[in-house]
Amino acid sequence: MDIRFATRKGVGAENEDAAAAGPGWAFAVDGATEPPDADTGCRHGVRWLVGRLSAALAAELGAASGRPPAEGGGSLPELLAAAIGRVRREHGPGCDLSRPDSPSAALAAVRAVPGGLEYLVLADCAVLLPVPGGPPRMITDDRIDRLPGGRPYPRELVRSMRNRPGGFWVAGADPRAAHEAVTGVRPGGGRFGLLTDGCTRLAEHFGYGWAEVWELLDGAGPAALIDRVRAEERDRPGAVRGKPHDDATALVGAFAPAAPERRFPRG
Ligand SMILES: [Zn+2]
(Lines give C-alpha, C1' and ligand atoms only; values in the text may rest on other atoms or scores of the structure.)
Protein backbone atom coordinates (compact mmCIF):
# COMPACT_ATOMS: atom_id res chain seq x y z
CA MET A 1 0.00 0.00 0.00
CA ASP A 2 1.27 3.46 -0.90
CA ILE A 3 -0.90 6.40 0.19
CA ARG A 4 0.04 10.06 0.50
CA PHE A 5 -2.31 12.81 1.57
CA ALA A 6 -2.36 16.44 2.65
CA THR A 7 -5.10 18.56 4.17
CA ARG A 8 -5.09 22.30 4.86
CA LYS A 9 -7.64 24.62 6.36
CA GLY A 10 -9.20 27.47 4.41
CA VAL A 11 -10.60 30.73 5.78
CA GLY A 12 -12.51 29.11 8.68
CA ALA A 13 -11.26 28.76 12.25
CA GLU A 14 -10.90 24.98 11.89
CA ASN A 15 -10.24 22.50 9.12
CA GLU A 16 -13.55 20.72 8.53
CA ASP A 17 -11.94 18.26 6.09
CA ALA A 18 -10.41 14.92 7.05
CA ALA A 19 -8.74 11.99 5.34
CA ALA A 20 -7.87 8.49 6.46
CA ALA A 21 -6.49 5.28 5.00
CA GLY A 22 -5.87 1.71 6.09
CA PRO A 23 -5.11 -1.64 4.49
CA GLY A 24 -7.18 -1.65 1.31
CA TRP A 25 -9.25 1.49 1.95
CA ALA A 26 -9.00 5.29 1.89
CA PHE A 27 -11.42 8.19 2.10
CA ALA A 28 -11.66 11.98 2.26
CA VAL A 29 -14.46 13.87 4.04
CA ASP A 30 -15.49 17.51 3.63
CA GLY A 31 -17.76 18.90 6.33
CA ALA A 32 -20.38 21.37 5.11
CA THR A 33 -19.81 24.73 6.80
CA GLU A 34 -22.90 25.82 8.67
CA PRO A 35 -24.33 29.26 7.94
CA PRO A 36 -23.69 31.34 11.11
CA ASP A 37 -27.40 31.68 11.89
CA ALA A 38 -28.41 28.10 11.00
CA ASP A 39 -30.64 26.30 13.47
CA THR A 40 -28.92 22.93 13.24
CA GLY A 41 -30.53 21.26 16.24
CA CYS A 42 -27.10 19.73 17.03
CA ARG A 43 -24.98 20.72 20.02
CA HIS A 44 -21.82 19.21 18.46
CA GLY A 45 -21.16 20.92 15.13
CA VAL A 46 -19.53 20.05 11.84
CA ARG A 47 -15.98 19.43 13.10
CA TRP A 48 -17.39 16.86 15.55
CA LEU A 49 -19.41 15.20 12.80
CA VAL A 50 -16.39 14.93 10.50
CA GLY A 51 -14.27 13.41 13.28
CA ARG A 52 -16.93 10.92 14.37
CA LEU A 53 -17.90 9.98 10.83
CA SER A 54 -14.23 9.40 9.93
CA ALA A 55 -13.70 7.23 13.01
CA ALA A 56 -16.90 5.26 12.41
CA LEU A 57 -16.21 4.68 8.72
CA ALA A 58 -12.60 3.67 9.44
CA ALA A 59 -13.91 1.18 12.01
CA GLU A 60 -16.45 -0.27 9.55
CA LEU A 61 -13.86 -0.52 6.76
CA GLY A 62 -11.32 -2.05 9.13
CA ALA A 63 -13.83 -4.65 10.36
CA ALA A 64 -14.76 -5.55 6.77
CA SER A 65 -11.12 -5.60 5.63
CA GLY A 66 -10.27 -8.83 3.86
CA ARG A 67 -13.95 -9.75 3.64
CA PRO A 68 -15.21 -8.65 0.21
CA PRO A 69 -18.91 -7.86 -0.29
CA ALA A 70 -19.53 -11.35 -1.73
CA GLU A 71 -18.30 -12.85 1.54
CA GLY A 72 -20.48 -10.74 3.79
CA GLY A 73 -17.97 -7.90 4.18
CA GLY A 74 -20.52 -5.30 3.04
CA SER A 75 -20.35 -2.95 0.06
CA LEU A 76 -19.09 0.63 0.48
CA PRO A 77 -22.68 1.97 0.68
CA GLU A 78 -23.52 -0.61 3.36
CA LEU A 79 -20.41 0.27 5.38
CA LEU A 80 -21.08 4.01 5.05
CA ALA A 81 -24.73 3.51 6.05
CA ALA A 82 -23.55 1.65 9.17
CA ALA A 83 -21.07 4.46 9.95
CA ILE A 84 -23.77 7.16 9.55
CA GLY A 85 -26.07 5.12 11.82
CA ARG A 86 -23.30 4.85 14.41
CA VAL A 87 -22.71 8.62 14.42
CA ARG A 88 -26.45 9.24 14.58
CA ARG A 89 -26.55 7.30 17.86
CA GLU A 90 -23.49 9.16 19.16
CA HIS A 91 -25.31 12.49 18.82
CA GLY A 92 -27.49 11.33 21.70
CA PRO A 93 -30.96 12.48 22.69
CA GLY A 94 -29.85 16.14 23.09
CA CYS A 95 -29.73 16.73 19.32
CA ASP A 96 -32.71 17.13 17.00
CA LEU A 97 -31.49 15.44 13.84
CA SER A 98 -34.72 16.00 11.95
CA ARG A 99 -33.69 19.60 11.16
CA PRO A 100 -32.65 20.12 7.54
CA ASP A 101 -29.56 22.10 8.64
CA SER A 102 -28.14 19.37 10.87
CA PRO A 103 -24.38 18.84 10.28
CA SER A 104 -23.39 16.98 7.13
CA ALA A 105 -20.42 16.18 4.92
CA ALA A 106 -19.40 15.27 1.39
CA LEU A 107 -17.29 12.15 1.03
CA ALA A 108 -15.20 10.17 -1.44
CA ALA A 109 -13.99 6.64 -0.66
CA VAL A 110 -12.17 3.79 -2.37
CA ARG A 111 -11.68 0.21 -1.33
CA ALA A 112 -9.81 -2.76 -2.75
CA VAL A 113 -12.18 -5.58 -3.78
CA PRO A 114 -11.29 -8.81 -5.59
CA GLY A 115 -10.36 -7.87 -9.16
CA GLY A 116 -10.81 -4.14 -8.79
CA LEU A 117 -11.28 -0.90 -6.94
CA GLU A 118 -14.69 -0.03 -5.48
CA TYR A 119 -15.43 3.70 -5.24
CA LEU A 120 -18.13 5.86 -3.70
CA VAL A 121 -18.82 9.60 -3.93
CA LEU A 122 -21.44 11.53 -2.02
CA ALA A 123 -21.84 15.25 -2.85
CA ASP A 124 -19.04 17.39 -4.26
CA CYS A 125 -15.88 15.37 -3.50
CA ALA A 126 -14.16 13.60 -6.40
CA VAL A 127 -12.43 10.32 -7.21
CA LEU A 128 -9.75 10.41 -9.93
CA LEU A 129 -8.81 7.22 -11.76
CA PRO A 130 -5.91 7.55 -14.22
CA VAL A 131 -6.44 6.33 -17.78
CA PRO A 132 -3.33 5.47 -19.84
CA GLY A 133 -2.71 8.03 -22.58
CA GLY A 134 -5.49 10.40 -21.59
CA PRO A 135 -7.00 12.47 -18.81
CA PRO A 136 -8.09 10.57 -15.70
CA ARG A 137 -11.69 9.57 -15.16
CA MET A 138 -13.21 12.07 -12.74
CA ILE A 139 -16.12 10.75 -10.72
CA THR A 140 -18.18 13.16 -8.67
CA ASP A 141 -21.76 13.57 -7.52
CA ASP A 142 -23.05 16.78 -9.12
CA ARG A 143 -26.67 16.64 -8.01
CA ILE A 144 -26.15 19.81 -5.94
CA ASP A 145 -25.31 21.59 -9.22
CA ARG A 146 -28.58 20.55 -10.82
CA LEU A 147 -31.19 21.90 -8.40
CA PRO A 148 -34.16 23.62 -10.01
CA GLY A 149 -33.64 27.24 -11.07
CA GLY A 150 -29.82 27.17 -11.10
CA ARG A 151 -27.36 29.05 -8.86
CA PRO A 152 -27.43 31.05 -6.72
CA TYR A 153 -29.92 28.88 -4.85
CA PRO A 154 -32.30 30.32 -2.27
CA ARG A 155 -31.41 28.81 1.09
CA GLU A 156 -34.92 27.40 1.56
CA LEU A 157 -34.56 25.43 -1.69
CA VAL A 158 -31.29 23.84 -0.55
CA ARG A 159 -32.82 22.95 2.81
CA SER A 160 -35.82 21.37 1.16
CA MET A 161 -33.73 19.30 -1.29
CA ARG A 162 -31.07 17.98 1.11
CA ASN A 163 -31.30 14.21 1.61
CA ARG A 164 -34.54 14.04 -0.35
CA PRO A 165 -35.33 11.88 -3.39
CA GLY A 166 -34.93 14.09 -6.47
CA GLY A 167 -32.66 16.48 -4.54
CA PHE A 168 -29.10 15.84 -3.36
CA TRP A 169 -27.59 13.59 -0.72
CA VAL A 170 -24.96 14.20 1.97
CA ALA A 171 -23.48 12.17 4.82
CA GLY A 172 -25.31 13.53 7.86
CA ALA A 173 -27.84 11.84 10.08
CA ASP A 174 -29.67 9.74 7.49
CA PRO A 175 -28.12 6.35 6.63
CA ARG A 176 -30.27 6.17 3.47
CA ALA A 177 -27.93 8.74 1.91
CA ALA A 178 -25.19 6.09 1.63
CA HIS A 179 -27.33 4.08 -0.77
CA GLU A 180 -27.89 7.17 -2.92
CA ALA A 181 -24.14 7.71 -3.46
CA VAL A 182 -22.44 7.49 -6.86
CA THR A 183 -20.66 4.11 -6.84
CA GLY A 184 -18.83 1.70 -9.10
CA VAL A 185 -15.96 -0.71 -9.44
CA ARG A 186 -12.96 -0.11 -11.67
CA PRO A 187 -11.66 -3.49 -12.82
CA GLY A 188 -7.99 -4.14 -12.13
CA GLY A 189 -7.43 -1.73 -9.25
CA GLY A 190 -4.55 0.64 -9.95
CA ARG A 191 -3.78 4.15 -8.72
CA PHE A 192 -6.45 6.54 -7.51
CA GLY A 193 -6.85 10.08 -6.21
CA LEU A 194 -9.39 11.63 -3.83
CA LEU A 195 -10.07 15.37 -3.69
CA THR A 196 -12.37 17.61 -1.70
CA ASP A 197 -13.88 20.61 -3.50
CA GLY A 198 -11.20 22.88 -2.03
CA CYS A 199 -8.92 21.11 -4.56
CA THR A 200 -11.28 20.39 -7.47
CA ARG A 201 -11.61 24.17 -7.87
CA LEU A 202 -8.29 23.95 -9.72
CA ALA A 203 -10.25 22.40 -12.61
CA GLU A 204 -13.68 23.84 -11.91
CA HIS A 205 -12.73 27.49 -11.31
CA PHE A 206 -9.17 27.92 -12.58
CA GLY A 207 -9.41 26.11 -15.90
CA TYR A 208 -6.89 23.31 -15.28
CA GLY A 209 -7.42 20.10 -17.24
CA TRP A 210 -7.95 16.94 -15.19
CA ALA A 211 -4.79 15.50 -16.77
CA GLU A 212 -2.84 18.42 -15.32
CA VAL A 213 -4.50 17.99 -11.91
CA TRP A 214 -3.64 14.28 -11.91
CA GLU A 215 -0.05 14.99 -12.90
CA LEU A 216 0.33 17.45 -10.03
CA LEU A 217 -1.32 15.10 -7.55
CA ASP A 218 0.55 11.94 -8.49
CA GLY A 219 3.82 13.60 -9.49
CA ALA A 220 4.52 16.58 -7.24
CA GLY A 221 2.20 15.19 -4.55
CA PRO A 222 -0.85 16.24 -2.52
CA ALA A 223 0.86 19.08 -0.61
CA ALA A 224 2.19 20.59 -3.85
CA LEU A 225 -1.28 20.37 -5.38
CA ILE A 226 -2.73 22.34 -2.45
CA ASP A 227 0.14 24.86 -2.76
CA ARG A 228 -0.92 25.36 -6.38
CA VAL A 229 -4.56 25.89 -5.36
CA ARG A 230 -3.49 28.55 -2.84
CA ALA A 231 -1.23 30.25 -5.39
CA GLU A 232 -4.08 30.45 -7.93
CA GLU A 233 -6.45 31.76 -5.27
CA ARG A 234 -3.98 34.53 -4.44
CA ASP A 235 -3.28 35.40 -8.08
CA ARG A 236 -6.80 35.13 -9.48
CA PRO A 237 -9.28 35.82 -6.66
CA GLY A 238 -12.00 36.75 -9.17
CA ALA A 239 -12.11 33.20 -10.56
CA VAL A 240 -13.42 31.67 -7.35
CA ARG A 241 -17.08 31.20 -6.56
CA GLY A 242 -17.59 30.96 -2.80
CA LYS A 243 -14.87 31.14 -0.17
CA PRO A 244 -11.52 32.69 -1.18
CA HIS A 245 -9.77 29.67 0.39
CA ASP A 246 -11.70 26.50 1.19
CA ASP A 247 -10.48 23.60 3.31
CA ALA A 248 -8.52 21.49 0.85
CA THR A 249 -7.67 17.80 1.00
CA ALA A 250 -5.89 15.63 -1.57
CA LEU A 251 -5.00 11.96 -1.37
CA VAL A 252 -3.24 9.73 -3.88
CA GLY A 253 -2.04 6.17 -3.91
CA ALA A 254 -2.55 2.52 -4.73
CA PHE A 255 -3.35 -0.54 -2.66
CA ALA A 256 -1.12 -2.95 -4.57
CA PRO A 257 2.23 -2.02 -6.07
CA ALA A 258 2.26 -1.54 -9.84
CA ALA A 259 3.55 -4.54 -11.78
CA PRO A 260 7.31 -4.19 -12.33
CA GLU A 261 8.16 -2.98 -15.82
CA ARG A 262 11.11 -5.30 -16.12
CA ARG A 263 12.61 -8.07 -14.04
CA PHE A 264 16.19 -8.09 -12.93
CA PRO A 265 18.12 -11.04 -14.40
CA ARG A 266 18.68 -13.84 -11.93
CA GLY A 267 22.11 -14.58 -10.44
ZN1 LIG B 1 -25.23 16.52 17.65
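Which strands does helix H6 (residues 222-235) lie across? In this predicted model, helix H6 lies across E1 and E10, and runs at about 150° to E10. Those two strands belong to an open sheet of five strands, so let's walk through that sheet, its helices and one buried alanine, with the cut-off for burial being 20 or more other C-beta atoms within 10 Å.

**The sheet**
- The strand order is E1-E10-E9-E6-E7, and the pairing is antiparallel.
- At the edges sit strand E1 (2-8) and strand E7 (134-140), each of which pairs on one side only.
- On average, neighbouring strands of this sheet are turned by 15° against each other, direction ignored.

**Where E1 meets E10**
- E1 and strand E10 (residues 248-254) run antiparallel and are joined by seven bridges.
- Alanine 6 has alanine 250 in E10 standing opposite.

**Helices across the sheet**
- Helix H4 (residues 197-204) lies across strand E6 (126-131), strand E9 (192-195) and E10.
- The direction of helix H4 is at about 85° to E10, while helix H6 runs at about 150° to E10.

**A look at alanine 112**
- You will find alanine 112 in strand E4 (residues 105-113).
- Alanine 112 counts as buried because 20 other C-beta atoms lie within 10 Å.
- Neighbours within four places in sequence aside, alanine 112 is in contact with Gly24, Leu117, Gly189 and Phe255.
- Arginine 186 is 74 residues away from alanine 112 along the chain, and their C-alpha atoms are separated by 9.8 Å.

Methods: Residues numbered from 1 in each chain as written. Predicted model: local features only at pLDDT ≥ 70, side-chain atom pairs only at ≥ 80, totals over all residues. Pairing = 2+ DSSP bridges. Helix = DSSP H or I, 4+ residues; strand = E, 2+ residues; numbered from the N terminus. Axes fitted to C-alpha atoms, helices over the stretch in contact; angles between N-to-C directions. Contact = placed C-beta atoms within 7 Å. Buried ≥ 20, exposed ≤ 12 C-beta atoms within 10 Å, placed from the backbone.
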